[in-house]
Amino acid sequence: MLQIPVWKRILIILTCVLGLYLALPNAFYGPVEQHNDALKAIEVAGSTPELEAQAALWPEWLPERLVNLGLDLRGGAHLLAEVNVADVYANRMEATWPEVRDALRSITPVRRVDAPEGELRVRINEADKLAEALAATRTLARPVQTLTGAGQNDIVVSGAGDIITVTLSEGEKQATDERTMQQSLEIIRRRIDEVGTREPTIQRQGSDRILIQVPGIGSAAELKAIIGTTAQLTFNPVVNRGADENASPGLGNSLLPDAEAPGVFYIIETAPVVTGEELVDAQPSFDQNGSPAVSFRFDTTGARKFGTYTAENIGAPFAIVLDDEVISAPTIQSAIPGGSGIITGNFSVEQSTNLAVLLRAGALPAGLTFVEERTIGPELGQDSIDAGKIATTVAFVAVLFFMWATYGLFGFFANIALIVNVSMIFGLLSLIGATLTLPGIAGIVLTVGMAVDANVLIFERIREELKTAKGPARAISLGYERALSAILDANITTFIIATILFVLGSGPVRGFSVTLGVGILTSVFTAYFVTRLMVVFWFERARPKTITV
Amino acid sequence: MRRLRLIPDDTSIDFFKHAKVTFGASCVAVVLALAVWFTMGLNYGIDFRGGTTLRTQSETPVDVAAYRAAMDGLGLGDISISEVFDPTSDDSKHVAMVRIQAQEGEEAATPEMIEAVQGALKTVAPKIVFTSVESVGPKVSGELIQTAFLAVGASLAAILIYIWLRFEWQFSVGAVAALFHDVILTIGLFSILQIRFDLPVIAAILTIIGYSINDTVVIFDRLRENLRKYKKRALRDVMNISVNETLSRTLMTSGTTLLALIALLVLGGDVIRGFVFAITWGVIVGTYSSVYVAKNVVLFLGVNRDDSKKDNNSGQYANIDA
């Protein structure tokens with residue numbers, strides 16, 4: 001009949017209490033957020049009285065996890081960047097060329113010839129030594145260092161006539177792509193951390209995309225300025241300086257424009273003396289004339305190479321190249337053994353600060369193309385929150401009234417369950433660190449409407465069972481039992497939809513699917529177990545002879 | 001205490017008296033919706049066709065012609081400007097959406113282009129602010145549209161399989177026919193009214209699928225129960241009993257859901273209005289289709305009610321003139 005074992009009662013009550021407890025911080029969003037920010041700041045930068053005061057806004061022993069607000073509610077910038085993974089192939093080939101040259105030197109003289117990007121072509125002088133040359137080139141191959149590419153070598157060498165062609169193998173390309181993506185993610189993360197914004201989202205999407213969401217930032221353009229630059233810094237020997245943009249640089253050299261002066265071009269050796277990867281530090285500073293500059297320091301290998309090169313080339317110019325533009329091309333006055341130096345250019349203070357940040361964080365291994373960007377102003381987000389709050393409140397009150405007017409006392413039980421339900425949704429969302437978006441709010445409102453469905457099913461069923469006059473206790477218990485299969489089927493199908501939305505959706509749509517899914521779980525729990533417990537408590541005390549539902 | 005009752009307690013409405021008419025009407029509506037979709041097309045947002053939208057807000061009324069004139073010289077191709085009306089916002093807020101087509105050779109908008117547009121608009125409305133700027137490249141939008149269709153297709157397939165496992169194949173065909181009906185009618189409505197069709201609307205369509213199937217399943221569940229209970233009665237009668245028995249629940253649930261949705265539609269702000277509008281419409285057609293499409297299809301197909309004599313029975317009920 002109408003019985004629930006004591007342990008079940010306790011479990012149901014505990015679950016509700018836990019849900020309410022976890023949801024509690026969201027009711028005091030502002031103070032809790034300040035508290036959390038202050039704690040973070042104290043951890044990073046030490047304590048100040050102001051931070052302590054902010055931290056004290058919320059007691060330490062209470063939960064402090066909040067529902068994250070999505071960009072559409074908080075405002076901020078969203079970028080989807082595609083990493084041009086193929087950039088790296090070309091660099092690899094550039095690095096392979098000297099190796100090939102050295103390997104073939106003893107066999108036959110070789111010359112590099114033009115080739116499509118990502119391919120290395122070498123012409124050998126004596127075509128009859130092709131087999132020997134191919135064998136020697138193949139000794140340069142190394143096995144690919146991944147699970148999937150096991151058994152493959154990193155390069156594929158083929159020959160025809162007097163031309164040897166070297167390309168990366170498929171396995172190596174995959175492995176390289178994987179590394180490129182990992183590095184890009186890491187470097188974007190470091191750059192954004194350097195700027196210090198709250199809770200950025202930096203996620204890999206698919207094989208070659210990165211999603212970046214930064215709340216609170218003014219515009220996507222600002223964000224692009226931080227992460228959009230590759231910041232590949234190299235120091236290259238200068239071959240020539242001129243004004244002809246069509247000048248032929250010759251093999252192994254490149255023609256690069258000057259970053260500041262239009263019409264000025266440099267021919268430099270493509271192979272750099274040292275690169276930005278060998279930097280250990282970069283800081284904004286000023287040169288002897290008081291103009292903004294960036295000072296830097298090399299690691300030991302970088303310092304040694306730089307020292308040797310400058311000692312051997314006193315009086316010759318060398319170029320400081322950033323992303324294929326020459327920032328400056330000073331003449332080497334003396335050997336620079338210490339491994340530190342200063343980059344001057346026509347910087348503003350802001351530019352030198354930015355450059356220092358970029359150099360510290362490291363260069364992106366490949367260029368980025370932005371395929372999607374969104375900026376949402378904070379005022380629009382606030383408008384949406386306000387509208388969402390009003391709409392949710394009105395919807396809530398209307399549904400509560402409607403339920404009470406239709407089912408009386410039982411409707412009142414369902415209403416309590418509904419309130420518990422919405423709190424539990426917030427509690428669960430906070431617990432799993434989900435993000436609440438505007439469609440997510442709509443999802444909650446929809447849940448408010450639909451959550452009562454399970455109760456409606458049960459109550460209608462109890463009404464029907466009462467008609468066959470089995471006595472109230474029996475009718476209630478049958479009502480719950482017999483409505484269960486419909487409740488489960490109805491909710492499982494909706495849950496399937498929520499899962500599909502989660503897997504295939506992105507951004508706001510995914511936020512919606514999370515609230516919908518969580519809402520289904522909590523509403524089944526509250527509508528079935530919580531109302532049942534309330535009905536049982538009431539029934540045990542009142543012992544009514546007849547009931548009306 | 002007097003209780004609110006949407007309908008009398010015991011109803012015995014014959015829902016299948018005009019089955020041919022209602023089902024026929026649904027078929028015609030679906031065909032019309034498809035025709036409208038293919039002839040008028042959908043007013044795709046940038047999510048699905050690439051391009052840039054700027055949301056502007058200013059204290060002075062939106063002058064679409066002046067906005068357009070200001071941007072004419074920029075050579076950005078197709079530009080559409082629409083004023084956004086919101087009954088809840090006050091007079092100091094005049095919101096417009098400016099949409100610019102995807103630019104040749106660019107994936108997302110360049111900062112220069114956005115600056116040029118913003119500068120041009122500031123010449124006509126000095127105090128204008130840009131509350132959101134969104135740009136989607138043609139590559140991504142192509143993928144988004146694919147994913148969207150995939151999501152709708154996958155949902156229909158998943159439901160077909162689930163209902164098949166839980167009930168019988170006739171039920172799953174009926175349920176999916178009803179869902180198809182709801183989805184097509186929603187798309188048709190968006191096409192007729194030329195409401196912006198973007199990513200959240202796809203989420204709305206999937207929600208409609210979820211809601212409609214919910215409704216359909218509840219009646220199916222009762223039908224299954226009654227088929228066991230009334231073994232001798234004709235399928236049509238059992239279906240009528242089942243729909244009547246669940247009628248008050250159907251109306252209650254649609255009622256509460258619609259209450260919540262209407263609150264959101266009126267008060268939730270214009271950003272999600274398209275999304276909420278789709279769901280509201282879907283709840284109405286979904287409730288209708290649960291009875292008049294899903295059940296009709298099951299009635300036409302017949303149900304196998306005796307495992308030992310499969311062929312005879314399904315044939316017998318398939319012949320019932322509905």
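Which residue is the bridge partner of A:Glu373 in E5(B)? Select B:Ser135 to see the partner in this predicted model.

**Stop 1: the strand pair between chains**

Keep A:Glu373 and B:Ser135 displayed, then widen the selection to the two strands. Choose residues 368-376 of chain A, which form strand E18, and residues 129-136 of chain B, which form strand E5. E18 of chain A and E5(B) run in the antiparallel sense and are joined over 5 bridges.

**Stop 2: the side of chain B that touches chain A**

Now select the whole contact between the chains: 58 residues belong to chain A and 61 to chain B. On the chain B side, colour the elements that give two or more residues. Besides strand E5, these are helices H4 (111-124), H5 (138-166), H7 (199-229), H8 (235-267) and H9 (273-301) of chain B. H8(B) gives the most, with 14 residues. Colouring this side of chain B by class shows 35 nonpolar, 17 polar and 9 charged residues.

**Stop 3: a helix crossing within chain A**

Hide chain B and select residues 86-104 of chain A for helix H5, then residues 170-195 of chain A for helix H7. Their axes come within 10 Å and cross at roughly 115 degrees. Angles of 65 to 115 degrees count as roughly perpendicular, so H5(A) and H7(A) are roughly perpendicular to each other. The crossing of H5(A) and H7(A) is right-handed.

Finally, show side chains where the two helices meet. From H5(A), pick A:Val88, A:Tyr89 and A:Arg92; from H7(A), pick A:Lys173, A:Thr176 and A:Thr180. The residues of this contact of H5(A) with H7(A) comprise 2 nonpolar, 2 polar and 2 charged.

Definitions and conventions
Residues numbered from 1 in each chain as written. Chains lettered and ligands numbered in written order. Predicted model: local features only at pLDDT ≥ 70, side-chain atom pairs only at ≥ 80, totals over all residues. Contact = placed C-beta atoms within 7 Å. Helix = DSSP H or I, 4+ residues; strand = E, 2+ residues; numbered from the N terminus. Nonpolar A, V, L, I, M, F, W, Y, C, P; charged D, E, K, R; others polar. Pairing = 2+ DSSP bridges. Axes fitted to C-alpha atoms, helices over the stretch in contact; angles between N-to-C directions. Parallel < 35°, antiparallel > 145°, perpendicular 65-115°, else oblique. Left-handed = near helix turned anticlockwise from the far one by under 90°.
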